[in-house]
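Please open the structure in the viewer and keep the selection panel at hand. The tour proceeds by selections, each followed by a description of what is found there.

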Amino acid sequence: MDRDMVISIDVGGTKTRWGVVSRSTRKVIATSVRPTEQRRSDIVPTLYSGGAELLQSIGVDWRVVHQISIGVPGMVSTKGEIYNCPNAPEWENLDVSSLRENTGCSVRVVKDVNLAVMGEWNSQHSIESDLVVIYVGTGIGMGAIVQGSPLLGARGLAGEIGHWVVQADGEVCACGNRGCLETVASGSALEKAATALGYEKETAVASLLKGWSSGEERAAAAVNSAIHHLGNTVADLINLLDPVRIVLGGGVIEGTPELTGAIASVARAHARSRRVTQTVIETSQLGNQAPLIGGIWA
Ligand SMILES: [Zn+2]
């Protein structure tokens, strides 16, 4: 295939992952990771150099690349405008036109979980009409396929479940509102809870989740509260969309896949039962490759 490769760039709140993906085999050929660039003037040069180095590592250059697909953790319109990016604020209103000029490739900017849902759907679950993907990482995001089409909304801004209000007078969220799901169940919320409980800051979330898995008492309340809120969110999504399958991924779930079973049991207790028994709730089998593969269809 002429220009068979896609460069997918999955931007997280803390880490950014580059992937070279083949359009013909739908396989990830090479990946690299760097901390997410937070200095505005360095963002586009870093997107470029990350891609160029990765291509060089496999002995090719931009001439084999069909498209650069960038997934950003925030509100992104169908035109690729980044409106609001609470976990990487310097990325808001980013202009990527120089990346297009310097590489000769088309560039697409979309919401990160919309890349993930396209990867999951096209390479794992393409026969299913209705699929939801929820990522729990620094923030919480959702992408969905509804009746065989991506759920985008009028301007591409649908699916902001991380900012569903779950506690009317709760804590202030990075987005500026109060009581969002992210304030009680995201990686950043868990980090805050873990450091307050005395866990070492650098490894706080991992230690807290490990403590929860091994039945440590001080970890239980914080993690169970996050599970409770995530389970209710899954139940709400089942009631709203009646999906065939809900796939959970993102850094927090990948590190502790047994969270999925705990979240699913809360969901089963709160969703309208006849439907929930028909919805499969599972951990992503593609893991962090899903958004990279999804770049093919961005
Ligand atoms: Zn919020």
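Begin with the largest nonpolar core of this predicted model. The core comprises 89 residues, and those with the most contacts inside it are V117, V133, L190, L208, A226 and V234. Next, colour helix α7, residues 217-241, which supplies 10 residues, the largest share of the core. Both domain 1 (5-117 + 290-297) and domain 2 (126-284) give residues to this core, so the core lies between them. In soluble globular proteins, nonpolar side chains tend to be buried together.

Within the core, centre the view on L208. Leaving aside residues up to four places away in sequence, L208 touches L190, A193, A194, Y199, A219, A222 and V223.

Now select the two domains in separate colours. The domain assignment gives residues 5-117 together with 290-297 as domain 1, and residues 126-284 as domain 2. Their centres, taken over C-alpha atoms, are separated by 25 Å. At the contact between them, 18 residues of domain 1 meet 21 residues of domain 2. On the side of domain 1 that touches domain 2, β5 (75-76) and α3 each supply at least two residues. The largest share of that side, 5 residues, comes from α3. By class, this side of domain 1 has 8 nonpolar, 8 polar and 2 charged residues.

Turn next to the open sheet of 5 strands, whose order is β3-β2-β1-β4-β7 with mixed pairing. The edges are formed by β3 (28-35) and β7 (106-111); each has a single partner strand, so one side of each is left without a neighbour in the sheet. On average, neighbouring strands are turned by 15° against each other, direction ignored.

Select β1 (residues 5-11) and β4 (residues 65-72) together: they run parallel and are joined by 6 bridges. One position to display is D10, whose bridge partner in β4 is G71. Then add the helices that pack on this sheet. Helix α3 (residues 112-123) touches β1, β4 and β7, and its direction makes about 100° with that of β7. Helix α1 (residues 40-57) lies across β1, β2 (15-22), β3 and β4, running at about 140° to β3.

Finish at S69 in strand β4. Is S69 buried or exposed? S69 counts as buried, because 26 C-beta neighbours lie inside 10 Å. Beyond residues up to four places away in sequence, S69 touches V6, S8, R108, L115, G295 and A298. For a last distance, select I281 as well: S69 and I281 are 212 residues apart in sequence and 28 Å apart in space, C-alpha to C-alpha.

Notes
Residues numbered from 1 in each chain as written. Predicted model: local features only at pLDDT ≥ 70, side-chain atom pairs only at ≥ 80, totals over all residues. Core = buried A, V, L, I, M, F, W, Y, C linked by C-beta atoms within 7 Å. Buried ≥ 20, exposed ≤ 12 C-beta atoms within 10 Å, placed from the backbone. Helix = DSSP H or I, 4+ residues; strand = E, 2+ residues; numbered from the N terminus. Domains from an automatic or database assignment. Contact = placed C-beta atoms within 7 Å. Pairing = 2+ DSSP bridges. Axes fitted to C-alpha atoms, helices over the stretch in contact; angles between N-to-C directions. Nonpolar A, V, L, I, M, F, W, Y, C, P; charged D, E, K, R; others polar.
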